[in-house]
Amino acid sequence: MQSNPSKKIIVIGGGIAGLSLAAAMRDWAEVTVIEREPHLGYHASGRSAALFTETYGNRLVRALTLASRQAIVEGGFVAHQRGALHVGWKGDDAAIDRLAGELQALVPSVRRLSAAELHALVPVIAIEATCGGVYEPDAVDVDTGKMLAACASALKASGGTIRTGEEVRAISALGDGLRVETSAGAHTADIVVNAAGAWVDVVAGMAGLPGLGLRPKRRTAFLFDPPAATDIAGWPLVVDLHEQFYFKPDAGRLIGSLADETDSEPCDAYPEDIDVAIAVDRIEQATSMRIGRPSTPWAGLRTFAPDRTPVAGFDPRLPGFFWLGGQGGYGFQVSLTLARLSSALMRGEPVPEDVAALGVTAAALAPDRFLTRSATP
Ligand SMILES: Cc1cc2nc3c(=O)[nH]c(=O)nc-3n(C[C@H](O)[C@H](O)[C@H](O)COP(=O)(O)OP(=O)(O)OC[C@H]3O[C@@H](n4cnc5c(N)ncnc54)[C@H](O)[C@@H]3O)c2cc1C
């Protein structure tokens, strides 16, 4: 079905943020996505651990995630009922009890596991080493490739356009719209969405706007084989209480990560050998697994606003310039709600009722929150 658009919108960035929003606007706007790389999802969105967990992140991130579950399930994007397990060690009892209480209040299915129960779930963690953990059974693996592809095809089916291999280089005000100059020419639009992931502040600069202080942080991951004759299919994502490492099953192998957050310039991130080596050492110290030689290491940039809440809203300094950034380590789990919410804001509508009921306000996501703060001495 072709849309009957009244607005022309350019979305900069072909990751999950830009594509999900583009798809959400397809029925009321003429949308063009511009992506610098030759294919979609090349950067953060092609490098994630693909988990959906309702207990991760700050209060607003958790609310945006809770509000996304239905769309993730109904869209057919659940790849596996994974579960997530926070592991405490000797001496962590009080912290684990506290975490269990906090997370149960949010997600009632969360359970405090004893050391024996934890060992039964993930036998490579010795009973003597752990004080038990906090288990979120309803965390799921998301099919991230399917999500990206579904957003792209929904957009195209409605007459939207995706331009890959085209880099945005300058943005300027043009009467009542905006002009976007790219490596392939120039475009005009009523609204320009800045969904450039690690480059959001750079893209703001192209419009003559100082950035909001969104910082890319590198995270490293790799694959390794499970112990011989061990059935890992039912293992959850296992994350150290102190976020020193995590591992999770992935198509018969395990993904390991240092859970690192190293400051980085926006770039095509690559893994440092030392980060892989430290992660291997920590996982080996905490479990009976001997990883040996990990394979296929990769790294990606998770981009955070200073308060670690995503940014969605119009920039008051340049009419028509809309921010959608700072998805941090939660981009897939929050994207469908952020897209729906952003689409509503662009039409001058309030935050959708179900999202507002979870305590999410437009002000909490607006770029203004950083502009006001920096303007205050
Ligand atoms: C190791 C790792 C594990 C993760 N695990 C999870 C997880 O388990 N669950 C979860 O929900 N999230 C996870 N994340 C986070 C998630 O991947 C990100 O939050 C999400 O992908 C961000 O999407 P994005 O569209 O904002 O950015 P990106 O995917 O980086 O997309 C931005 C795009 O903008 C383009 N661009 C930039 N500048 C320009 C320009 N000038 N012109 C044109 N195009 C431009 C870039 O080329 C890029 O493709 C993880 C991330 C990493 C790195």
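This is a short guided tour of a predicted model, moving from its two domains to its ligand and then to one strand.

**The two domains**

Begin by colouring the protein in two parts: domain 1 (7-46 + 144-212 + 307-375) and domain 2 (51-140 + 215-304). The centres of domain 1 and domain 2, taken over C-alpha atoms, are separated by 29 Å. Next, display the contact between these domains, to which domain 1 contributes 33 residues and domain 2 contributes 29 residues. The size of an interface is often expressed as the accessible area lost when the parts come together. Here, domain 1 and domain 2 bury about 2600 Å² between them. Of that buried area, 64% is on carbon and sulfur atoms.

**The ligand and its shell**

Now select the ligand. Where does the ligand lie with respect to domain 1 and domain 2? Both domains give residues to the shell around the ligand, so the ligand lies between them.

Select the 37 residues around the ligand; those that come nearest are Glu35, Ser45, Leu51, Gly328 and Phe332. Colouring the shell by residue class shows 16 nonpolar, 13 polar and eight charged residues. Which helices and strands each supply at least two residues of this shell? They are the helices α1 (16-24) and α9 (331-346), together with the strands β2 (29-35) and β19 (295-304).

**Polar atoms beside the ligand**

Show the backbone atoms of Ala49, Ala50 and Gly329 in turn. At Ala49, a polar backbone atom is 2.9 Å from a nitrogen atom of the ligand. At Ala50, a backbone N or O atom lies 3.2 Å from an oxygen atom of the ligand. At Gly329, a polar backbone atom is 3.1 Å from a nitrogen atom of the ligand. How much of the ligand does the protein bury? Taken alone, the ligand exposes 1000 Å², and the protein buries 97% of that.

**A strand in domain 2**

Finally, select strand β4 (residues 78-81), which contains Ala79. Then add Val142 to the selection: Ala79 and Val142 are 63 residues apart in sequence, yet their C-alpha atoms are 5.2 Å apart in space. Which residues does Ala79 contact, leaving aside its neighbours within four places in sequence? Ala79 is in contact with Asp141, Val142 and Asp143.

Methods
Residues are numbered from 1 along each chain as its sequence is written. This is a predicted model: local features need pLDDT of at least 70, side-chain atom pairs count only at pLDDT 80 or more; totals for chains, interfaces and linings use all residues. Side-chain values use heavy atoms; hydrogens and water are left out. A residue is near a molecule or strand if one of its heavy atoms lies within 4 Å of it. A polar contact is a pair of N or O atoms within 3.5 Å; within protein, one must be able to donate a hydrogen and the other to accept it, and residues adjacent in sequence count only if both atoms are side-chain atoms. Accessible areas come from the Shrake-Rupley method with a 1.4 Å probe; for residues, only the protein chains shown count as cover. Helices (H or I, at least four residues) and strands (E, at least two) are DSSP runs, numbered from the N terminus. Ala, Val, Leu, Ile, Met, Phe, Trp, Tyr, Cys and Pro count as nonpolar, Asp, Glu, Lys and Arg as charged, and the others, Gly among them, as polar. Domain bounds come from an automatic or database domain assignment. Contact means heavy atoms within 4.5 Å. Buried area is the accessible area (1.4 Å probe) that two parts lose on being put together, summed over both.
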